[in-house]
Amino acid sequence: MGSLAAFIDGIDLAQLLFLLFSAVAALLCITFHELAHGYVAYRLGDPTAKRMGRLTLNPIKHLDFLGLLMMITVHVGWAKPVPVDMRYFKHPKRGMAITSMAGPAANFLMSMIALALGSALYHFGPAHTAVNYAILFLCYIAVLSVGLGLFNLLPISPLDGSKVLYALLPDAVYYKLLRYEKYGMIVIVALTWLGVFSRPLSFLISNICSFFCTVTFFPIDLLQYYFF
């Protein structure tokens, strides 16, 4: 019993709370990212995501455990891709590009909404510990959402940015590249673990979040203190 008590006393409750905030925020960011893909594809005529139950706010349906781990540890990551059948689109390449952009766009919007809510709590909320924790949680959502959106804009297949880039290519090249996109994930995981993206993405995340803070009147120094 004594050793168990010592173990419990040694646990940093604040770190556990921050880890919980990070995990829940990452799940929310992933869910809205993939839901945006599926919804836009559905609006463009593709029922695949709806038929496979991916037009849902259930995060388990969108979860990729490695991508979630990356989001929690390095603030960038990915989710399980929503299935899209571009043959349903009137203009397949353009439809795929629009569908791909929907995820990052949803993340950037989500970040701004989180900071706007945090700003309202900061300026008008009562001085209470629960309010402070709520603001911190919203900060996690804002930072992780920008990180997810930016990471997926990288022009490396199968990330969203590649679909936009490929849309500019001739059809023969486009469809040939799509056949090899499953191998791209191996490259992405390796480069991420090696830290290749860390510095440029950290720079971009910091600056975009700072811009969003300016727009929403959220205190930039508070966000920078915890994350940058």
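Begin by selecting helices α5 and α6, whose axes come within 8 Å of each other and cross at roughly 160°; here axes are lines fitted to C-alpha atoms, for helices over the stretch in contact, and angles run from 0 to 180 degrees between N-to-C directions. That angle makes α5 roughly antiparallel to α6, given that angles under 35 degrees count as roughly parallel, over 145 as roughly antiparallel, 65 to 115 as roughly perpendicular and the rest as oblique. What you have open is a predicted model, in which local features need pLDDT of at least 70 and side-chain atom pairs count only at pLDDT 80 or more, while totals for chains, interfaces and linings use all residues. Residues are numbered from 1 along each chain as its sequence is written, and side-chain values use heavy atoms, with hydrogens and water left out. The helices are DSSP runs (H or I, at least four residues; strands are E, at least two), numbered from the N terminus.

The crossing of α5 and α6 is left-handed, a term used if the near helix is turned anticlockwise from the far one by less than a right angle, with right-handed used if clockwise. To see the contact (heavy atoms within 4.5 Å), select residues of α5 including Pro104, Phe108, Leu115 and Tyr122, together with residues of α6 including Val131, Leu138, Ala142 and Leu150. The residues of this contact divide into 17 nonpolar, 6 polar and no charged, where Ala, Val, Leu, Ile, Met, Phe, Trp, Tyr, Cys and Pro count as nonpolar, Asp, Glu, Lys and Arg as charged, and the others, Gly among them, as polar.

Next, select α5 by itself, residues 92–124, and follow its 33 residues over the 48 Å from the first C-alpha to the last, close to the 48 Å expected at 1.5 Å a residue; the expected span is 1.5 Å times one less than the number of residues. Pause at alanine 102, where α5 bends by about 25°, with proline 104 following within four residues; the bend is the angle between axes fitted to the seven residues ending there and the seven starting there.

Now keep α6 (residues 129–152) and add α10 (residues 198–216), which pack at an angle of about 125° with their axes 10 Å apart, and which are therefore oblique to each other. The contact includes Val143, Val146 and Phe151 of α6 and Leu204, Ile208 and Phe212 of α10, and by class it has 11 nonpolar, 1 polar and no charged residues.

From α10, move on to α11 (residues 220–227), where the two axes come within 9 Å and cross at roughly 150°, which makes α10 roughly antiparallel to α11. Cys209, Ser210, Cys213 and Thr214 in α10 meet Ile220, Leu223 and Gln224 in α11.

Two loops are the last stops. Most residues other than glycine have a negative phi, and most peptide bonds are trans. Select phenylalanine 217, in the loop between α10 and α11, where phi is near 65°, a positive value in a residue other than glycine. Then go to proline 158, in the loop between α6 and α7 (160–166), which is joined to serine 157 by a cis peptide bond with omega of about 10°.
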